[in-house]
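Thanks for making time this morning. I would like to walk through one model with you, going from strand pairing to charges, surface patches and a few backbone details.

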Amino acid sequence: MDTKILIIGACGQIGSELTLSLRSIYGNDNVIASDIREGNYELIQSGPFEILDAKNYEQIKECVEKHQITDVYLLAAMLSATGEKHPMIAWDLNMNSLFNILNLAKYKQIKKVFWPSSIAVFGSTTPRQNTPQFTVMEPATVYGITKQTGERWCEYYHKNYGVDVRSIRYPGIISWKTLPGGGTTDYAVEIFYEAIKNKSYKCFLSNDTALPMMYMDDAVKATIDIMRADKDDITIHSSYNLAAITFTPDEVAAEIKKHIPEFTISYEPDFRQKIADSWPQSIDDSKAREDWNWNHSFDLEKMTKVMLENLG
Ligand code: VAH
């Protein structure tokens, strides 16, 4: 059976770019984009689009049957900062959307699932340098709790029902096509918008807050690579550590100044500082590199250049 893909949460930061990449590989008509509301003209124009509530099992099942979907990428979620303001909404969306897709796979309505986890599964008791694939995980945010719980359910559905679900613990993701969406790492997106618009940025994290980050093109490549990997090569059925670059606000500001010498940055840490301080500073992603040949290609210098060129 040919691959027919449904992307749930297609208008989000990852979804909007992943959809276009998947359409370039599988053909526009074989990649159905969906979200709770219309929100991205390019997606709607370039292929099939459905209004879907990720929490509505019957609605998703009907869409899967209508389009004969084989693979589902579930990207709808409430991120860390927003999740702290609306804990129960975050739990409801992040968990029930996952159960909907895992159950569709359990009942053989679909063949393969991609579900994003995050470095937010780690907490302040996790080793922060070169964080191992298997380690202490005591997440301090609702978002992190949903991702840690989700990883356990993914592994359970794989082991007990043979579900082919694949997952990546994304670091902070940097892109220019969509505005920041409620994440703690989103300072690293905002800073570029502000550098172009105002030549200055007030950062909500302290200057030396080192966090694992990745440019969007690398994140999309990793997502497509893990889904195209041979099933037998996937040895981790919770979620794979994944990393590319680690930098601080000071370091990304210095890189921006190489292009915009008059750029200035100030620091006013807010509630998101406590979230960032509970996350790793660098990640050991050797399992992803071993199992399905993961490799990143954007460093801080290359990412900064691309971001400023596209936003300028
Ligand atoms: C967030 N961008 O900040 C997300 C990500 C590792 C962080 O999961 O919530």
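Strand S7, residues 172–174, runs parallel to strand S9 and is joined to it by three bridges, where strands are taken as DSSP runs of E with at least two residues, helices as runs of H or I with at least four residues, and both are numbered from the N terminus. Two strands are said to pair if DSSP finds at least two bridges between them. Within this pairing, Ile174 has Tyr215 of S9 as its bridge partner. S9 also pairs with strand S11, residues 245–247, in the antiparallel sense and again over three bridges, and there Met213 stands opposite Ile245 of S11.

Before going on, I should say that this is a predicted model, in which local features need pLDDT of at least 70 and side-chain atom pairs count only at pLDDT 80 or more, while totals for chains, interfaces and linings use all residues. Residues are numbered from 1 along each chain as its sequence is written, and side-chain values use heavy atoms, with hydrogens and water left out.

How many of the five residues of S9 are buried? Strand S9, residues 211–215, is mostly covered, with five of its five residues buried, and by buried I mean under 20% relative accessible area, with exposed meaning over 50% and partly exposed in between, for a 1.4 Å probe and protein chains only. Leu211, Met213 and Tyr215 point one way from S9, whereas Pro212 and Met214 point the other way, and all are buried.

Now to the charges. Side chains of opposite charge can pair when their charged atoms come close. I count a salt bridge when a side-chain nitrogen of Lys or Arg lies within 4 Å of a carboxyl oxygen of Asp or Glu, and by this rule there are 14 salt bridges. One of them joins Lys66 and Glu50, at 2.7 Å from N to O. Lys66 lies in helix H3, residues 57–67, and Glu50 in strand S3, residues 49–51, so this pair ties together parts that are 16 residues apart in sequence. The two ends sit in unlike surroundings: Lys66 counts as exposed because its relative accessibility is 58%, while Glu50, at 18%, counts as buried.

Also in helix H3, Lys61 and Glu65 meet in a salt bridge at 3.0 Å, N to O, and because they are four residues apart in that helix, about one helical turn separates them. Here Lys61 is partly exposed at 22% relative accessibility, and Glu65 is partly exposed at 43%.

In helix H8, residues 216–228, Lys221 and Asp225 are likewise placed four residues apart, about one turn of the helix, and their side chains form a salt bridge at 2.9 Å, N to O. Lys221, at 34% relative accessibility, and so partly exposed, is paired here with Asp225, which is partly exposed at 25%. Elsewhere, salt bridges that share partners join Lys287, Glu290 and Asp291 into one network.

Turning to the surface, which residues gather in a patch of negative charge? They are Asp208, Asp250, Glu251 and Asp277, and of these Glu251 lies in helix H9, residues 249–257, where it is partly exposed at 41% relative accessibility. Patches are built from residues with over 30% relative accessible area and no salt bridge, joining like charges within 9 Å and nonpolar side chains (Val, Leu, Ile, Met, Phe, Trp, Tyr) within 5 Å. Lys and Arg count as positive and Asp and Glu as negative, with His and the chain ends not counted, and each charge is placed at NZ of Lys, CZ of Arg, CG of Asp or CD of Glu.

A nonpolar surface patch is formed by Met88, Trp91 and Ile145, which together have about 310 Å² of accessible area, computed by the Shrake-Rupley method with a 1.4 Å probe, where for residues only the protein chains shown count as cover. Trp91 belongs to helix H5, residues 87–106, and is partly exposed at 34%.

Last, the backbone. Most residues other than glycine have a negative phi, and most peptide bonds are trans. Gln68, although not a glycine, has a positive phi of about 50°; Gln68 is found in the loop between H3 and strand S4, 71–74, and is exposed at 59% relative accessibility.
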